[in-house]
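Subject: Structure handover and notes

Hello,

Here is the structure you asked about. Please open it alongside this email; my notes follow below.

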Amino acid sequence: MTSSIAPSSSPVLPVLAEVVRSGFTEGRHRGSLVVLAADGSVELALGDPAAPVFPRSSNKPMQAAAILRAGLDLSGERLALAAASHSGEGFHLELVRTMLAEHGLKPDDLQTPPDLPLDPVEAEAYLAAGGVREPLTMNCSGKHAAMLAVCVRNGWDTASYLDPAHPLQRLVGEVVAEAAGEPVAALGTDGCGAPLMAIGLVGLARAFRSFVLAEPGTAERRVADAMRAHPEYVAGTRRPDTWLMREVPGALSKMGAEAVQALALPDGRALAFKIDDGATRALGPVLARSLELLGVDAPVVSRIGSAPLLGGAARVGEIRAAF
């Protein structure tokens, strides 16, 4: 008995990063990437950046803008946390509790799955102190707290706030499509349980560009300004998004699960990419190389530009960009 395997119709994506150990290339990470010029035109395209992807948490600025458009008056750290994939540090968890309490809500109202803090250092400390997986410590709890709060504000049902047909989630879909300049290609469920809208990487870069160029006072600009003013609430004290928004003036940066990254500079230049196999270890080197191509010169670029590989306790190689 014989069998045959039909050839794949999927394009072979270019190598964006390579894994080099002891001088030997032992692995490669393929993906797609787009860089936009200040006028919004495509300056560099690798792979298939028009193909839809799930941006995962890179969609959070659009979700936060939808929450503002729905009438919730958030600003400062609260608005940054609404767009966050937080590390689970103490100041993150305390503000989530506060945001819930301000609207008569409790951590039990969160529909985030129980999880440990995202930051490994915080997770170890949390476990050592006797902590267990909770919805509160899941990295999306700030976004969910804001979603619940706007439901209370508008008299919307809180039990079904993650239903794609819920008024809030329909508005999120509209904001994503508007910011990306393209229709939502597919609807899924994110790791936190919230509806997830697929767009192309070009659309994702356009969305971030539209946020930094938006008029002051608009929902989009308010989100961008809060994230850039309080990046430690968007990520954490040991996270690249925080370093980038602290060290690169005016930068708006947000990573997403499955190795997605989007970033915009205040003059309208922007980028977005996805590592096809979801390997987050390639994010830093690919992002650093992209920033170099944009002419960004900041300590964070070299800091994230090479991910070390260890042999025993010694560095014997690196993960590095390959374009």
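Start with one cut-off: a residue counts as buried under 20% relative accessible area, as exposed over 50%, and as partly exposed in between. Glutamate 258 has 39% relative accessibility, so it falls in the partly exposed class. Keep in mind throughout that this is a predicted model.

Glutamate 258 and two other positive phi values

Glutamate 258 sits in the loop between β7 (252-256) and β8 (260-264). Its phi is near 60 degrees, which is positive although the residue is not glycine. Arginine 56 also has a positive phi without being glycine, near 55 degrees. Look for arginine 56 in the loop between β4 (52-53) and α1. Glycine 295 has a positive phi too, about 80 degrees, and comes just after α11.

Helix α11

How many residues of α11 are buried? The count is 8 of 11, so helix α11 (residues 283-293) is mostly covered. The buried set is Leu283, Gly284, Pro285, Val286, Leu287, Ala288, Ser290 and Leu291.

Glutamate 18

Is glutamate 18 buried or exposed? It is buried, because its relative accessible area is 18% and the cut-off for buried is under 20%. Glutamate 18 belongs to strand β1 (residues 15-21). Leaving out neighbours within four places in sequence, glutamate 18 contacts Thr25, Gly27 and Arg28. On the same basis, its contacts also include Glu318, Ile319, Arg320 and Ala322.

The β4-β6-β5 sheet

Three strands make an open sheet, ordered β4-β6-β5, with antiparallel pairing. β4 and β5 are the edge strands, each with a single partner, so one side of each has no neighbour in the sheet. Strands of a sheet pair through backbone hydrogen bonds. Here, 4 bridges join β5 to strand β6 (residues 195-200). Use glycine 188 as a marker: it stands opposite leucine 196 in β6. Helix α7 (residues 201-213) lies across β4 and β6. It runs at about 105 degrees to β6.

Alanine 185

Alanine 185 is in the loop between α6 (167-180) and β5 (186-189). It is partly exposed, because its relative accessible area is 48% and that class ends at 50%. Which residues does alanine 185 touch, not counting those up to four places away in sequence? They are Pro52 and Ala198. Alanine 51 is 134 residues from alanine 185 in sequence. In space, the two are 9.3 Å apart, C-alpha to C-alpha.

Helices α1 and α5

Helix α1 (residues 60-69) packs with helix α5 (residues 141-154) at an angle of about 20 degrees. Their axes are 10 Å apart. Angles under 35 degrees count as roughly parallel, so α1 and α5 are roughly parallel to each other. Their crossing is left-handed. On the α1 side, the contact is made by Lys60, Gln63 and Ile67. On the α5 side, the residues are Lys143, Ala146, Met147 and Val150. By class, this contact has 4 nonpolar, 1 polar and 2 charged residues. A general point helps when reading such lists: an α-helix has 3.6 residues a turn, so residues three or four places apart point the same way.

Best wishes

Conventions: Residues numbered from 1 in each chain as written. Predicted model: local features only at pLDDT ≥ 70, side-chain atom pairs only at ≥ 80, totals over all residues. Heavy atoms only, no water. Buried < 20%, exposed > 50% of the residue type's maximum accessible area, 1.4 Å probe, protein only. Contact = heavy atoms within 4.5 Å. Axes fitted to C-alpha atoms, helices over the stretch in contact; angles between N-to-C directions. Parallel < 35°, antiparallel > 145°, perpendicular 65-115°, else oblique. Left-handed = near helix turned anticlockwise from the far one by under 90°. Nonpolar A, V, L, I, M, F, W, Y, C, P; charged D, E, K, R; others polar. Pairing = 2+ DSSP bridges.
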